[in-house]
Amino acid sequence: CSALGAVSLPFYDRFVRNGLKELTFNLEIRALLALSVLVVGLLYFCNGESGADVWSRLKNAVIMGLSAQTTTGFSSVDVVALDNASKLSLIFSMMVGGSIGSTAGGIKILRLLIVLRLLQFFIQRTALPEHAVLERQLSDDKLEFDEIEKALMLISVSCTHLTLPTNREV
């Protein structure tokens with residue numbers, strides 16, 4: 001199953017030792033599940049007018065969503081036939097990818113979580129007095145400046161390689 005490749009290898013060792021507890025405490029796994037469910041849901045509901053029955057739409061949404069999130073490249077429908085919202089959700093899902101230490105491509109979920117937490121930190125900071133102390137944390141772990149800097153650098157480098165299609169012929 002392609003979803004297994006989107007999870008870091010050290011997670012499996014911790015899962016064997018800690019059991020199902022590891023699923024609830026691992027932030028990347030929870031985020032991977034949430035992103036996968038979100039993408040599958042978007043694909044399912046955006047393609048409601050495709051004429052296919054419920055189970056066929058759900059099967060295609062799961063295959064396409066998990067394939068995009070894990071960057072494995074499987075396709076059960078013609079991607080060109082998808083609506084723009086579905087294509088955008090697939091692009092975002094492929095851009096994010098899986099967990100750090102996994103075989104999935106993308107910028108990785110942890111880096112996305114760092115950026116989202118940083119945005120939340122900046123918003124919270126605007127509502128606090130100047131002398132207030134607010135720690136940059138992600139799931140009870142302090143975010144060091146170099147971790148934030150590395151995540152932002154990798155994301156910015158990844159985003160500079162994105163190109164939008166043009167109507168010109170090559």
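**Notes on glutamate 22, a helix crossing and phenylalanine 92**

1. Let me start with a side-chain pair: glutamate 22 and asparagine 18 are joined through their side chains by a polar contact of 2.9 Å. Please keep in mind that this is a predicted model. A polar contact of 3.0 Å also links the side chain of glutamate 22 to that of arginine 14.

2. Where does glutamate 22 lie? Its place is in helix α2, residues 21–25. With a relative accessible area of 10%, glutamate 22 counts as buried, because the cut-off for that class is under 20%. Setting aside residues up to four places away in sequence, glutamate 22 touches Phe11, Arg14 and Phe15.

3. Next, a look at two helices. The axes of α3 (residues 27–46) and α6 (residues 109–127) come within 10 Å and cross at roughly 90 degrees; the two helices are therefore roughly perpendicular to each other. On the α3 side the contact is made by Leu27, Glu28, Ala31, Leu32 and Leu35, and on the α6 side by Ile109, Leu110, Leu112 and Leu113. By type, these residues divide into 8 nonpolar, no polar and 1 charged.

4. Phenylalanine 92 deserves a glance too. This residue sits in helix α5, residues 84–96, and is partly exposed, with a relative accessible area of 35%. Which residues does phenylalanine 92 contact, leaving aside neighbours within four places in sequence? They are Leu35 and Leu112, and both names also appear in the contact of α3 with α6.

5. One last distance to check on screen: the C-alpha atoms of phenylalanine 92 and alanine 68 are separated by 8.7 Å, with the two residues 24 apart along the chain.

Methods: Residues numbered from 1 in each chain as written. Predicted model: local features only at pLDDT ≥ 70, side-chain atom pairs only at ≥ 80, totals over all residues. Heavy atoms only, no water. Helix = DSSP H or I, 4+ residues; strand = E, 2+ residues; numbered from the N terminus. Buried < 20%, exposed > 50% of the residue type's maximum accessible area, 1.4 Å probe, protein only. Contact = heavy atoms within 4.5 Å. Axes fitted to C-alpha atoms, helices over the stretch in contact; angles between N-to-C directions. Parallel < 35°, antiparallel > 145°, perpendicular 65-115°, else oblique. Nonpolar A, V, L, I, M, F, W, Y, C, P; charged D, E, K, R; others polar. Polar contact = N/O pair within 3.5 Å; in protein donor to acceptor, adjacent residues only side chain to side chain.
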